[in-house]
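Visitor: I would like a close look at a single part of this model. Please take one helix, go through it step by step, and then set it beside other parts of the structure.

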Amino acid sequence: MGFELREIHKHFGAVRANDGVNLSVASGELHGLLGENGAGKSTLMKVLSGFHQKTSGEILVEGEPVELRTPADAMQHGIGMLHQDPLVFLPFTVLDNFIIGSPGPERVNRREAARELATLAERFGFNFDPDTPTRRLTVGERQQLEILRLLWLGARVLILDEPTTGISAPQRIKLFATLRELAADGMSVVFVSHKLEEVEELCERVTIIRAGAVVGERDLPCPAAELVELMFGGEVEVGERPIVGLGPPRLVVSGLGVQDRLASVEDFDLEVAEGEVIGLAGLEGSGQRIVLDALSGLRRAQTGTIQAGGRDLTKTGYRGYLAAGVQFLPAGRLEEGLVAGLTLTEHFVLAARSDSFRIDWDSAREEAGRDIVDHFIKGTPESTAESLSGGNQQRLLLAMLQDNLSVLLMEHPTRGLDIESAAWVWEQLLLRREDGTAIVFASADLDELLEYSDRILVFFNGSVLAEVNARTSSVDELGHLIGGKVSR
Amino acid sequence: MSTTKVSRVLLVFVAFALIAAACGDSEPVDAEGFKFGMILVGPQNDHGWSQAHYEAGQYVAELTGAEMIVQDKVNPSDLPEKTVDQVAADLIALGAELVFATSDDMKDGILLAAEQNPDVPMIWSSGDSAWEDGKAFAGLDNLGNVMGKMEFGKMIAGCAAGLTTQTGSIGYVGPLTNDETQRLVNSAYLGAKYCWETYREETTPLDFAVTWIGFWFNIPGFTLDPTQVSNEFLDSGADVLISGIDTTEALVEAGKRASEGEAVWSVPYDFEGACAEAPDICLGTPYFNWGPAYLEIVNSVVNGDFKAEWQWNGPDWDNLTDNTKTALGWVSGDGLSADASADLDDFIAGLGSGDINLFTGPLNYQDGSVYLADGEEATDFQIWYTEQLLEGITGESASGG
Amino acid sequence: MNFADLWKRSRTGVFAVAMALVVGILLLLVAGANPFEALGVIIDGSLGSTARFGDTLMVWAPLVLAAAGLLITFAAGLWNIGVEGQIVFGAIAASLVAREVSGPTWLIVTLALLAGFAGGGFWAFLAGLLRTYGKVNEIFGGLGLFFVAQALAVYLVLGPWKRPGVASTSGTEPFPRESWLPTLGSTRLSWVAVLVAVIAVLVVFYLLRGTRFGLRLKAVGKNMRSAFLLGIPTGRYMLAAFALGGGLAGLAGAVQATGFHHKLVPSISGGYGFLAILVAMLAGYAARWIAPIAFVFAMLAVGSTLLPLKLGLDSSVGGVLQGVLVLFTILAQGWQARRQNRSDGVAAGPPEPPIVPGEVG
């Protein structure tokens, strides 16, 4: 089943996530949607699948204009989306998850549904026990379940948003085979990715999106360099950076053991020198986040010691780390950093470590105005945090950081940012590093890791699989390490 | 309720007949245009204490042509915005020239109101603020008291229970503890004991227990639940429940048990028609009849000769259901056997003639102290200010323990 | 702010009041009353004379105190449903002073009010400890403590503080006159109660608008995680919010005991805590709206007690009118949130519960 998007605009406040996108996919086509993180791919697909409502534009399914207000609307028109994190209810069983989205108030015939699940699974060579709780399934298996569910609900257009992020290589091969088979049956498949190789491997045609707009459409195969240039607006050169002289150790971690419900890290050692940048690579949930939590005092270390700036912080709480100049910027800017509903002025007042009881709002506003200008934030002292675009939120967070930090910990520092913002963020971070701040950051963006780190620690299943020198490593090597392969 | 309506119409006729005969000092005046206020603690249709006052007011209004202004549910839970003195002020502002505050609990408010409105006659029913020889004489010229000698009603109720019980165990569902309620429990106990020993010639001591719920009616969260209290009594072997509260839970619960085949009975309280909820096991009900006293008071105010008096009115022994005369009544219920009924009539006659005076010593309080010495007959003062339950009753006294 | 802005901001409220009026009129018609006559009775009954105006203010004062306290806990993102219990405990503490301390009125009254503040604050602090250390949601902890406070009041009234020879839930013996809040002339209006309420609103207004404490509290309320990451000791701030908010509720209890009932009654709170939650919600959690909205509620409460006397209506009509007003305000807020969501392009879901104060101050 073919569909067409015409002049789709999707604005979030001042942010234009999609700015006049045209896209046409024929029945039976395997279509790639390529673009860097934050280019607007996911937003476009959420518009197509009814999660977001478009600001303007037109959606045609089989040549007929349609209005998709909710995911259920989209499903009625045969459009189903497989999200980056499959939308399954973990405590429920496989069969419950399979049934859960079925429309209509009438009672579901569980036995029949189980039979159909079995039939579908058999057809694609999947293997499910309908009574297993889904939490026991791997991410790849959850994806498979979700695909079967969408098929059962009558999907004729299948959208997959970065589906290979959390799955193993064999699962990816199986996924691609399934998608090819579906396309052969007339299913339109939209494969959203920022991974060039995968799009090249799977798709027949690719649309490249940059900064919310379509910058090109190509039949595949097509020279990779051409696609990269479209994606980034110029070929990236990796490996050139100023070499900063590294000073004495700022952060010394030894024998760190820390765990949460999902991951556990044991016996983690790390020494970060003044001005050094350490990248943490790995699949989501491999242990990077809990290490960052431990290093910032948010999570208590079960074993080991943490020293920063020569002080032993192991027994201290988060505020002790903060006082010692150790600060952490998690990835969720509006969840763990900014306060939605408060203005920029209020944020600056909160960040200023003043103890005066009264607030002089006039001078606070003035100061905020200066900070806003200094940090190129698109907003006014009265703007609320949530009204800012992601890039401006990140600028605000950086503007709120203490001066003279000893250690700066970050998680996905440029996720969702446009190129300009990302470059600015790193400019700021590198300035800090020149002041001697040690930086440890986790990222899923291999280019970013390679470009800005001195060393990269690759996490796999809660331990450091390898430490590589960012100057001599490559996207390829990192990619394999992240997948758990030590040597090629 | 239709029978009571009919009886009320009849009463009016009887009343007019009496007026024609120019008998008694409660001859109704023509009070057209006169307004009196009535402050009730509970709902005006509670089938109990508050309704009895409300109907007395209606009775007066019908006979005299005066207008009654009623504010019901005046208690801190139902009406948190106003205290009794504020309500009295409202009623006076609406033209009331006489205010009835009809609950023991309204003491503080009505004293304040009487003080603030010295020109408006007021009545605090069940109180003692106008009793010169009492303990709490307030000396307010505009505040009188009215009360019925319910101790007789309770003696009759207790006798009916004593004549009926098979297990020799009687439960009394009490409201809160004060002089009045202890007086009434003691009366019921004395009546039950007398009839148990005299008519049934039982020698085993009667088991008589009281549980106080904490207020005149159930306020969830503030009081014990009378339904639960009733069932606990029945579970522990009591087969007759006497109610001392404004509502009918004891009768209703006993009725439920009876319909399941248990041999249990109950004596409700406060309202002439109270037996209607479970007539078959109802032994009868003592009730207040405020009409005659209130009529007299309205008359005196209209005539300009109101005096702040403390009235403690007794029953009309000739006819305990003559609502034009008696201050308290007794109607026997269907649950009373013919034998018991005869004994009860004998008992009532004895009370009326004065042959039986149960408040005669020797009687001890619960803590063993002497209430009445051997042969001593209680004075009004001793009866009114009952400090404790009597020896022989299981239950808590206000000043005991 | 120009007129269009003003309209945009206030139209929800205007709409809610208009709808509530329409439905209220319909209800009165159904109840067989002339709505305008009923409205007249309510207005006359609450404002018609100096005494009635005083009666209304005496309901207004505790309502404002409790609502002002709730603004603090709402700012911290806490649903302090236990406010009723804090009123009761404050009243108990004030009663203790009023019964036991003798001396000049100014001394007893000052001590009683302080005791009320401390008592209410302590009771809320317990709910706060349960929340921050026991991980007990403040709604359940607060309700539980409310029942405990209630039971304590009943126990005191029936037990240690009972009237001589009497044990009735109708209350303790009236306090000595020196312990009563001073009144204006012969009215029942206590200028102390009104003054305390006015000061409370001003203090809360200033705290939430002009101080670092208030701003941090708001940050905690809107996003505890971010607030914590910003270095705010969130637990301590929540406890402080509980103590302060509960303290104001306790003052309401002290006013009820020493200024209104002049004794301790088990239902001393008069339900004003729950009513204050509605006042705070209706005010959009803004301190400047607390006083007028509480006044409307007080007018409805006091004025409608005359409905049964003058029009033969049930006195619960006033409560029904209050309920209608609240219902439509919440509905209107919901509609507004929904409209905003739509214009933001998010697929329409249920409106956010109005936990997070919009604009305080």
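Guide: The part to look at is helix α9 of chain B, residues 291–303, in what is a predicted model. Start with its length. The helix has 13 residues, and at 1.5 Å a residue these should span 18 Å; the end C-alpha atoms lie 18 Å apart, so the two values agree.

Next comes the question of burial. A residue counts as buried if 20 or more other C-beta atoms lie within 10 Å of its own. Ten of the 13 residues of α9(B) are buried, and therefore the helix is largely enclosed by the rest of the structure. The buried residues begin with the run B:Gly291, B:Pro292, B:Ala293, B:Tyr294 and B:Leu295. Further along, B:Ile297, B:Val298 and B:Asn299 are buried, as are B:Val301 and B:Val302.

What covers them? Several elements of chain B do, including the helix α2 (49–64) and the strands β1 (35–39), β4 (122–125), β5 (143–148) and β11 (310–313). Just after α9(B) comes B:Gly304, which has a positive phi of about 80°.

A helix in chain A can be set beside this one. Helix α6(A), residues 169–184, has 16 residues and reaches 23 Å from its first C-alpha to its last, close to the expected 22 Å. Its buried residues are A:Leu175, A:Thr178, A:Leu179, A:Leu182 and A:Ala183. Seen down the axis of α6(A), these fall within an arc of 135°, so they line one face of the helix. The face turned away from the buried side carries the exposed residues A:Pro170, A:Ile173, A:Arg180 and A:Ala184.

The buried residues of α6(A) pack against helices and strands of chain A, among them β3 (30–34), α4 (110–124), α5 (139–152) and β7 (157–161). After α6(A) comes A:Gly186, with a positive phi near 105°.

Last, the chains themselves. Chains A and B, which hold these two helices, do not touch, and their nearest C-alpha atoms are 38 Å apart. Two pairs of chains are in contact, and of these chains B and C share the most contacts. That contact takes 28 residues from chain B and 29 from chain C. On the chain C side, α3 (50–75), α6 (138–158), α10 (234–261), α12 (287–303) and α13 (307–311) each supply at least two residues. The residues on this side of chain C divide into 15 nonpolar, eleven polar and three charged.

How values were computed
Residues are numbered from 1 along each chain as its sequence is written. Chains are lettered from A and ligands numbered from 1 in the order in which they are written. This is a predicted model: local features need pLDDT of at least 70, side-chain atom pairs count only at pLDDT 80 or more; totals for chains, interfaces and linings use all residues. Helices (H or I, at least four residues) and strands (E, at least two) are DSSP runs, numbered from the N terminus. The expected span of a helix is 1.5 Å times one less than its number of residues. A residue is buried if 20 or more other C-beta atoms lie within 10 Å of its own, exposed if 12 or fewer, and partly exposed in between; C-beta atoms are placed from the backbone. The arc is that of the directions from the helix axis to the C-beta atoms. Two residues are in contact if their C-beta atoms, placed from the backbone, lie within 7 Å. Ala, Val, Leu, Ile, Met, Phe, Trp, Tyr, Cys and Pro count as nonpolar, Asp, Glu, Lys and Arg as charged, and the others, Gly among them, as polar.
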